[in-house]
Amino acid sequence: MQDLKAVGKRIPKIDAVDKATGRVEYIQDIKLAGMLHGKILYSKYPHARIVNIDTSKAKQLTGVRAILTGKDIPEIKFGVYKDNRPLKTGKVRSYRDEVAAVAAIDPEIAQEALSLIKVTYEALPGIFDPEAAMKEDAPLVHEEHKTNILKMPWKLHYGDVETAKKETAYMVENRFSTTWVTHCCLGTSGAIAQFDNTNNLTIYTNTQIPSLAQKDFLSALKAMGLRDKRVRVIKPCIGGGFGSKLDTYAYEYLSILLAFHTRKPVKIVFGREEEFFATSTRQPTIMDVAQGCDKNGKLLFRDISMVLDNGAYTSWGATTPSVMMMPITSLYRVPNVRYEAMCVYTNNTYSQAMRGYGNPQATFAIESSMDMLAETSGFDPMELRRINANQAGDVSPQDFQITTCGLDQCIDEVEKRLGKKTPKEKGVGVGFASLIHVGGGARVYKSDGCGTIIKMDDYGKINLFTGATDMGQGADNMVAQIVAEELGLDVADVHVIHSDTDVCPWDVGAHASRTTFVAGNSALGAAKKIKARIFDMASKQLEAPPEILVMANRMVMVKEDPKKRLEIGKLLRKFHFSTNGEMLMAEYFYDPENENLGRDFKGNTSMTYTFGTHGARVKVDEETGKVQILKYVAAHDIGRAINPILLEGQVYGGVMMGIGYALTEQIIHEKGEIMNPNFRDYKILTIKDVVPIEAPVFETFDKDGPYGAKGIGEPGCVPTAPAIANAIYDAIGVRIKDLPITPERVLTAIKAKKKLES
Amino acid sequence: MGKMISFALNGNKMAVEVKDHWTLLHLLREELGLLGTKEGCGSGECGACTVIVDGMAVNSCLFPGLEIAEKDVVTIEGLTSPDGTLHPLQKSFVENGGIQCGYCTPGMIMSAKALLDESPNATEEEIKHSLAGNICRCTGYVQIIDSIKSISEGGVEEVHVVAWKNKEKDE
Ligand code: FES
Ligand code: FES
């Protein structure tokens with residue numbers, strides 16, 4: 001193995017010192033000269049006609065600079081389906097619908113102005129249950145759409161499920177459900193928009209997709225009659241992402257519109273309650289799952305259908321079935337697969353991407369069902385998984401090419417660390433679940449690329465401009481470590497700039513755990529170009545062919561004769577300050593050779609796939625229904641650990657988010673209204689809930705990954721819930737099929753079981 | 001209505017006019033421009049706004065501004081020594097992966113400091129107890145506990161604010 005100096009090292013996050021000293025700027029901390037503050041008035045009804053909006057009183061309030069309603073703004077459409085508008089006209093479809101926006105000289109005045117706006121509504125019957133919303137006579141959320149069922153064809157059938165069902169020796173069939181949970185980024189959402197004199201826009205915004213947001217805002221400007229303008233997206237330090245910032249939102253457009261109307265910078269920042277009710281959630285699901293195996297335990301088929309509550313508008317939540325297809329077709333070897341999902345409009349909040357993007361929901365159903373199949377067929381749950389484990393070289397029914405696969409190792413490791421199931425202590429049990437996730441990009445758009453620019457100064461230091469978005473996960477370190485490694489520099493020599501579309505190249509966004517793989521390869525490509533130029537220059541100076549040169553310790557040297565060497569800064573200055581001088585810069589755009597899914601949803605969407613197995617030992621108190629996790633093991637095949645501290649941080653953070661998903665977190669909706677928009681009633685885990693977590697990793701050195709790495713941003717929270725549900729079953733013999741697994745649900749299940757037994 | 005009060009902020013004596021309804025968080029962020037203290041909820045539920053008043057960790061979003069009269073207030077900005085040397089807790093959070101997005105970090109560090117000032121050898125249980133009001137969505141807390149434990153178990157490292165010394169000199 002190569003002797004690496006930067007890659008694979010536990011190098012602290014490069015912005016950690018600034019964060020530890022309170023010096024980084026989040027959107028909350030940015031103030032521009034003359035800045036106004038915007039606030040949004042939301043609907044009082046889940047579904048209602050807007051009869052009238054009277055802003056006259058609010059307009060008279062001293063300090064108010066602009067008030068906008070739906071009538072005052074052009075037709076800006078946004079969202080995946082373009083079914084959303086920054087301010088609603090005609091009717092509101094959910095409690096989070098924006099009906100008016102105010103800009104004032106301070107937030108308090110803006111808030112007061114909201115209370116002076118009088119909106120007259122005429123209530124309409126609402127629809128809150130997606131299955132009811134599918135009925136013919138259900139009230140329509142979008143009349144022009146004619147039905148509440150979205151016209152998204154999530155439907156595939158590979159092999160022949162009906163025949164397989166006839167041949168199957170054992171089969172299980174069950175319904176599972178998951179509910180709304182939300183990202184709970186500690187830094188709330190916010191944006192500041194500012195126009196220059198010629199109507200070019202600069203917007204500071206919390207986003208995971210600077211380049212795509214730029215495109216969205218450009219179309220908004222077009223709708224506002226501002227053609228051929230420039231949009232600059234500046235991304236301040238982000239207080240957590242987890243998928244919440246993969247779309248553009250009403251508040252961003254409202255800051256733009258208010259800034260345009262007032263000719264002043266306008267800042268809109270959410271309070272916590274607003275963050276809970278006006279940002280999007282993870283997609284809730286109802287999942288019917290059947291799978292079967294032959295008498296040797298080989299999976300024969302999987303047959304899954306789902307109904308997803310889309311809420312009132314369409315963001316990325318509606319496309320989560322495309323990612324659910326991944327575990328459905330490709331977690332374990334399963335030759336015959338059928339899947340259908342329907343997204344349905346309701347008057348609930350609308351959902352978005354959230355860490356795992358549908359995979360946690362689907363894996364909860366599949367892996368719970370795997371344990372049920374194991375019980376029915378008499379196989380040990382781990383044995384059943386081993387029989388069907390994916391292997392390197394496999395091509396899955398969806399045409400995913402499995403290049404490297406450490407699933408077997410992960411299964412063995414987790415089993416070893418958690419011990420065999422017996423002998424049993426009362427109320428204690430162990431459970432397992434595995435995962436597959438994209439680890440080498442995911443071609444959702446035409447491009448899955450990321451650009452990098454490297455600029456070297458006269459002293460051998462680097463400015464690295466990357467399209468990648470850091471939101472705390474460590475994208476900045478990852479590219480810096482890779483470039484430092486490649487060029488024999490210190491990580492501290494690499495200054496990473498990742499925050500500004502005016503200076504950074506394009507990137508499709510921080511989603512699909514793609515940044516390490518794609519931005520890493522992009523940075524590596526740029527570094528290689530720089531290296532080739534340096535070798536070229538040095539070869540003349542050292543009178544040695546480039547092939548025998550290496551870079552290390554900020555030097556370029558002859559490999560076999562390290563005394564023949566040059567300090568890099570010196571070399572650069574020599575070339576800079578000479579006749580026809582030149583400076584060293586390189587750019588590289590990396591777009592992986594993965595494929596878009598075809599009409600049949602087949603296609604190798606990612607260059608490589610990340611695998612993992614999680615296991616939990618739990619203790620269930622049969623009196624209270626409380627589940628205690630005694631030990632948790634999360635093993636992953638990550639290709640290569642670029643930075644073990646950050647890698648462990650992703651796994652720990654993911655697992656704890658997954659445990660919350662499994663046991664405590666839920667947004668409680670009552671007829672479309674969110675009843676628990678605060679940290680008191682929405683139960684995110686605290687430090688007291690930390691469980692002993694072990695996070696072993698297997699390095700399979702993927703041939704296409706930068707230094708062999710695969711993505712690991714999302715997997716930590718993918719198989720957590722089924723591992724815990726399976727452990728609960730092992731402990732007390734009750735199967736919980738709905739998330740979260742609250743003590744009440746456990747108690748109800750225990751009671752039902754006792755009734756059945758007596 | 002406002003009132004003139006004096007207090008010590010990170011070791012420096014201050015006299016400021018404070019309005020009745022201002023929280024300490026508002027005073028620090030909006031009036032004094034100390035942006036290191038964060039607001040995560042504004043209602044005492046997340047701990048992002050934690051600062052230390054007379055040795056006690058408090059949620060500055062709930063703490064009335066007027067109540068700091070004649071008291072010592074320490075914020076995240078007060079932990080680093082003038083030459084840039086990090087407080088041991090800051091260093092430990094940096095080195096042990098206790099920081100991802102960093103939004104919870106100032107509050108976490110201030111809560112941890114209040115704890116270690118009080119009981120320098122705090123156990124894991126005590127750490128969990130003292131930081132129960134500080135929410136972090138990124139780290140899963142594991143490396144935050146490591147960061148604090150590596151100091152509390154060291155036991156010997158003196159945990160104090162270097163800027164604090166200026167104040168003693170002043171007096
Ligand atoms: S901002 Fe003070 S506790 Fe959350
Ligand atoms: S590091 Fe992001 S909330 Fe703690």
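**Exercise 1. Find how many residues each chain brings to the contact in this predicted model.**

Step 1. Take chain A: 48 residues join the contact.
Step 2. Take chain B: 41 residues join.
Step 3. Turn to area. Chain A and chain B bury about 3,700 Å² between them. Carbon and sulfur atoms carry 63% of it.
Step 4. Pick out the leading trio. A:Ala20, A:Leu186 and A:Ile687 supply 20% of the area that chain A buries against chain B, more than any other three residues.

**Exercise 2. Examine the polar side of the interface, then sort the residues of chain A that touch chain B.**

Step 1. Count the polar contacts: 20 residue pairs, both at pLDDT 80 or more.
Step 2. Count the salt bridges: the rule finds 5 across the interface.
Step 3. Check one pair. A:Lys31 and B:Glu30 lie at 3.4 Å, N to O. The cut-off is 4 Å, so the pair is a salt bridge.
Step 4. Locate the elements. On the side of chain A that touches chain B, α1 (16-20) and α16 (644-663) of chain A each give two or more residues. The largest share, 8 residues, comes from α16(A).
Step 5. Sort by class. This side of chain A has 24 nonpolar, 15 polar and 9 charged residues.

**Exercise 3. Describe the second largest pocket and its lining.**

Step 1. State the space: about 780 Å³.
Step 2. Count the lining: 29 residues. Nearest the centre lie A:Trp154, A:Ser322, A:Arg443, A:Val444 and A:Leu597.
Step 3. Name the elements that give two or more residues: α9 (320-330) and β16 (428-438) of chain A. The largest share, 3 residues, comes from α9(A).
Step 4. Divide the lining: 18 nonpolar, 8 polar and 3 charged residues.

Conventions:
Residues are numbered from 1 along each chain as its sequence is written. Chains are lettered from A and ligands numbered from 1 in the order in which they are written. This is a predicted model: local features need pLDDT of at least 70, side-chain atom pairs count only at pLDDT 80 or more; totals for chains, interfaces and linings use all residues. Side-chain values use heavy atoms; hydrogens and water are left out. Contact means heavy atoms within 4.5 Å. Buried area is the accessible area (1.4 Å probe) that two parts lose on being put together, summed over both. A salt bridge is a side-chain nitrogen of Lys or Arg within 4 Å of a carboxyl oxygen of Asp or Glu. A polar contact is a pair of N or O atoms within 3.5 Å; within protein, one must be able to donate a hydrogen and the other to accept it, and residues adjacent in sequence count only if both atoms are side-chain atoms. Helices (H or I, at least four residues) and strands (E, at least two) are DSSP runs, numbered from the N terminus. Ala, Val, Leu, Ile, Met, Phe, Trp, Tyr, Cys and Pro count as nonpolar, Asp, Glu, Lys and Arg as charged, and the others, Gly among them, as polar. On a 1 Å grid over the protein atoms alone, a cavity is a set of points where a 1.4 Å probe fits but cannot get out, and a pocket is an open set with protein on both sides within 12 Å along at least five of seven lines; lining residues have an atom within 4 Å of a point. Grid points are joined across faces, edges and corners, and a volume is the space filled by probe spheres set on the points.
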